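This note is addressed to a colleague meeting the structure for the first time. Its points follow below the display and may be read in order.

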Amino acid sequence: MGTGDRPLWQWPLHSPRRLLATIAVAMAAVVGLSIMLNSPDRGQSQAAPGAPGPSSPSAPGSPSTASPAAPAPSPSTTDFGSAIETAKAFVKAWANQRAGSEQAWYAGAAQFATDELARKLTTVDYRNVPASRIVGKLRLTDTGAAGRTQVAVPTDGGMVSVVVVHSTAGWAVSDIQPGAQAVE
């Protein structure tokens, strides 16, 4: 039941030192578990190098790429130049007020988007996009996760933050939000 005549759960309450030690051990266990669960190696298959991954690239002409939830392990996931180019191409298409029709605008923007973002773009009236062009240099804002980065894109309608993820098909935009803070 416990130590002596006391239940085990009361042991940490015997002194402040025991209580702090118990809290420290519990926090270390939570942090360790969190790190282990968020490890980039977790859940990836042991396929041979160069073998196709579990998700296949989209068919030609389809508007999107694989899901952003599982970036493909690849040396090119650190090629942020390609990620910036993808963000630039997406924002140019997204801000294209002269697309002529919703279908043309959608086709232009969705080709650089993930499946999830492409679905969201179907609800957008391109005439309400608050920008019409890129007006400055694009900058990375976050490169903390393998296979994912954020890019700050200055437009004539204000700065936008574009999340770009890597899949087996390459880089694709998974989100765009107003406002961004570039890393200098």
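1. Trp171. The structure is a predicted model, and the note begins with one of its residues. Trp171 has a relative accessibility of 11%, and because the cut-off for a buried residue is under 20%, Trp171 counts as buried.

2. The ring partner of Trp171. Phe80 and Trp171 form an aromatic pair with a centre-to-centre distance of 6.2 Å and an angle of 45° between the planes, an arrangement classed as tilted. Phe80 belongs to helix 2 and Trp171 to strand 8; with these positions 91 residues apart, the pair links distant parts of the chain. Phe80 has a relative accessibility of 19% and therefore also counts as buried, given a limit of under 20%.

3. The other aromatic pair. How many aromatic pairs does a search of the whole structure find? The search finds two. Besides the pair already described, the rings of Trp105 and Tyr126 have centres 6.3 Å apart; their planes meet at 20°, so this pair is stacked. Trp105 is in helix 3, whereas Tyr126 is in the loop between helix 4 and strand 5 (139–142), so the pair ties together parts 21 residues apart in sequence. Trp105 counts as buried, with 1% relative accessibility. Tyr126 counts as buried as well, at 8%.

4. Overall architecture. The chain contains four helices and eight strands. Read from the N terminus, the order of the elements is β-β-α-β-α-α-β-α-β-β-β-β. The chain has 184 residues, of which 29% count as buried. Among contacts between residues at least 6 apart in sequence, 52% join residues at least 24 apart. The exposed surface of the chain comes to about 11,500 Å², and carbon and sulfur atoms supply 58% of this area.

5. The largest nonpolar core. This core holds 29 residues, and those touching the most other members are Phe90, Val91, Trp94, Leu121, Val153, Val162 and Val164. Two or more residues each come from helix 2 (80–94), helix 3 (102–110), helix 4 (115–121), strand 6 (148–155), strand 7 (158–167) and strand 8 (170–178). Which element gives the largest share? It is helix 2, with seven residues.

6. Contacts of Phe90. Leaving aside residues up to four places away in sequence, Phe90 touches Ala109, Phe112, Ala113, Leu117, Leu121, Val173 and Ile176. Of these, Ala109 lies within the range of helix 3 (102–110), Leu117 and Leu121 within that of helix 4 (115–121), and Val173 and Ile176 within that of strand 8 (170–178).

7. Strands 6, 7 and 8. Strand 6 and strand 7 run antiparallel and are joined by eight bridges; the hairpin between them passes through two residues. Strand 7 and strand 8 likewise pair in the antiparallel sense, over eight bridges, and a hairpin of two residues connects strand 7 to strand 8. Next to this turn, Ser167 has Gly170 of strand 8 as its bridge partner.

8. The position of strand 7. Val160 of strand 7 stands opposite Val153 and also opposite Pro178 in strand 8. Is strand 7 largely enclosed or largely open? Eight of its ten residues are buried, so strand 7 is largely enclosed by the rest of the structure.

Key:
Residues numbered from 1 in each chain as written. Predicted model: local features only at pLDDT ≥ 70, side-chain atom pairs only at ≥ 80, totals over all residues. Heavy atoms only, no water. Core = buried A, V, L, I, M, F, W, Y, C linked by side-chain atoms within 4.5 Å. Buried < 20%, exposed > 50% of the residue type's maximum accessible area, 1.4 Å probe, protein only. Contact = heavy atoms within 4.5 Å. Phe/Tyr/Trp six-rings, centres within 6.5 Å; stacked < 30°, edge-to-face > 60°. Areas by Shrake-Rupley, 256 points an atom, 1.4 Å probe, with all protein chains shown as cover. Pairing = 2+ DSSP bridges.
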